[in-house]
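User: I would like to see why the labels in this model apply where they do. Could you show me the structure and then take me through the terms?

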Amino acid sequence: MEAYKKLTSQLQFFTFSFHQRYTKVPISEIMYFESRGRTILIHTTTMKYRFLSKLDIIENYMLDNEIHFLRIHQSYLINPYHIRSITLQTSKWSIIVFLV
């Protein structure tokens, strides 16, 4: 069952519009969402997209559709599939996530 969920999650898409143009991006290619004010940047394995929204709305959409992304900061929502390493820096109390 877990393998089926992983396979079907790779077939899902995130759709957004910007300047009256709709774009469909495979969830499996999204490395992370970044919020800069009211602008959302989608960083994928091949390119970047942008549109107007709030990260809270995207996070709720992912939760409602059982798509697992991690909110690691108020400005970042990351796809755990793309995490390759996590390093804890105890002196600064921060976690560094390396995405590939």
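Analyst: Happy to. Helices (H or I, at least four residues) and strands (E, at least two) are DSSP runs, numbered from the N terminus. With that in hand, Glu66 can be placed in the loop between helix 2 and strand 6. The model is predicted, so local features need pLDDT of at least 70 and side-chain atom pairs count only at pLDDT 80 or more, while totals for chains, interfaces and linings use all residues. Residues are numbered from 1 along each chain as its sequence is written, and side-chain values use heavy atoms, with hydrogens and water left out.

User: What makes Glu66 count as exposed?

Analyst: Its relative accessibility is 61%. Buried means under 20% relative accessible area, exposed over 50%, and partly exposed lies in between (1.4 Å probe, protein chains only). Glu66 is past the upper cut-off, so it is exposed. Its backbone is worth a look too: phi of Glu66 is near 55°, a positive value in a residue other than glycine.

User: Why does a positive phi deserve a mention?

Analyst: Because most residues other than glycine have a negative phi. His19 is a further case, with a positive phi of about 55° although it is not a glycine. His19 sits in the loop between strand 1 and strand 2 (21-26) and, at 66% relative accessibility, counts as exposed.

User: How do you know that strand 3 and strand 4 pair?

Analyst: Two strands pair if DSSP finds at least two bridges between them. Strand 3 and strand 4 run antiparallel and are joined by six bridges, so the condition is met. One bridge sets Arg36 against Thr39 in strand 4. The two strands make a hairpin with two residues between them, and in the turn Gly37 has a positive phi of about 70°.

User: What else pairs with strand 3?

Analyst: Strand 7 (residues 76-78) does, in the antiparallel sense over three bridges, with Glu34 standing opposite Tyr76. Strand 7 also pairs with strand 6, again antiparallel and over three bridges, and here the bridge partner of His73 is Tyr76. Strand 6 and strand 7 form a hairpin with two residues between them.

User: Why do strand 5 and strand 6 count as edges?

Analyst: The open sheet has five strands in the order 5-4-3-7-6, with antiparallel pairing. Strand 5 and strand 6 (70-73) each have a single partner strand, so one side of each is left without a neighbour in the sheet. Strand 3, by contrast, is mostly covered: six of its seven residues are buried.

User: Which residues have the most contacts inside the largest nonpolar core?

Analyst: They are Phe14, Ile30, Phe33, Ile58, Met62 and Phe69, in a core of 15 residues. A nonpolar core is a set of buried Ala, Val, Leu, Ile, Met, Phe, Trp, Tyr and Cys residues joined through side-chain atoms within 4.5 Å. Strand 1 (13-18), strand 3 (30-36), strand 4 (39-44) and helix 2 (55-64) each supply at least two residues, and helix 2 gives the largest share, three residues. Leaving aside neighbours within four places in sequence, Ile58 is in contact (heavy atoms within 4.5 Å) with Phe14, Phe33, Ile40, Phe51, Ser53 and Leu77.

User: How do you know that Leu55 is buried or exposed?

Analyst: Leu55, in helix 2, is at 4% relative accessibility, so it counts as buried. Apart from residues up to four places away in sequence, Leu55 touches Phe33, Ser35, Ile40, Arg71, Gln74, Ser75, Tyr76 and Leu77.

User: Why is the pair of Phe16 and Tyr49 called edge-to-face?

Analyst: Rings of Phe, Tyr and Trp (its six-membered ring) pair if their centres lie within 6.5 Å; planes under 30 degrees apart count as stacked, over 60 as edge-to-face and the rest as tilted. Here the centres are 5.8 Å apart and the planes stand at 70°, so edge-to-face it is. Phe16 lies in strand 1 and Tyr49 in strand 5 (residues 48-52), so the pair ties together parts that are 33 residues apart in sequence. Phe16 is buried at 6% relative accessibility, whereas Tyr49 is partly exposed at 22%.

User: How many aromatic pairs does the structure hold?

Analyst: Eight. One aromatic cluster is formed by Phe14, Phe16, Phe33, Tyr49, Phe51, Tyr61 and Phe69.
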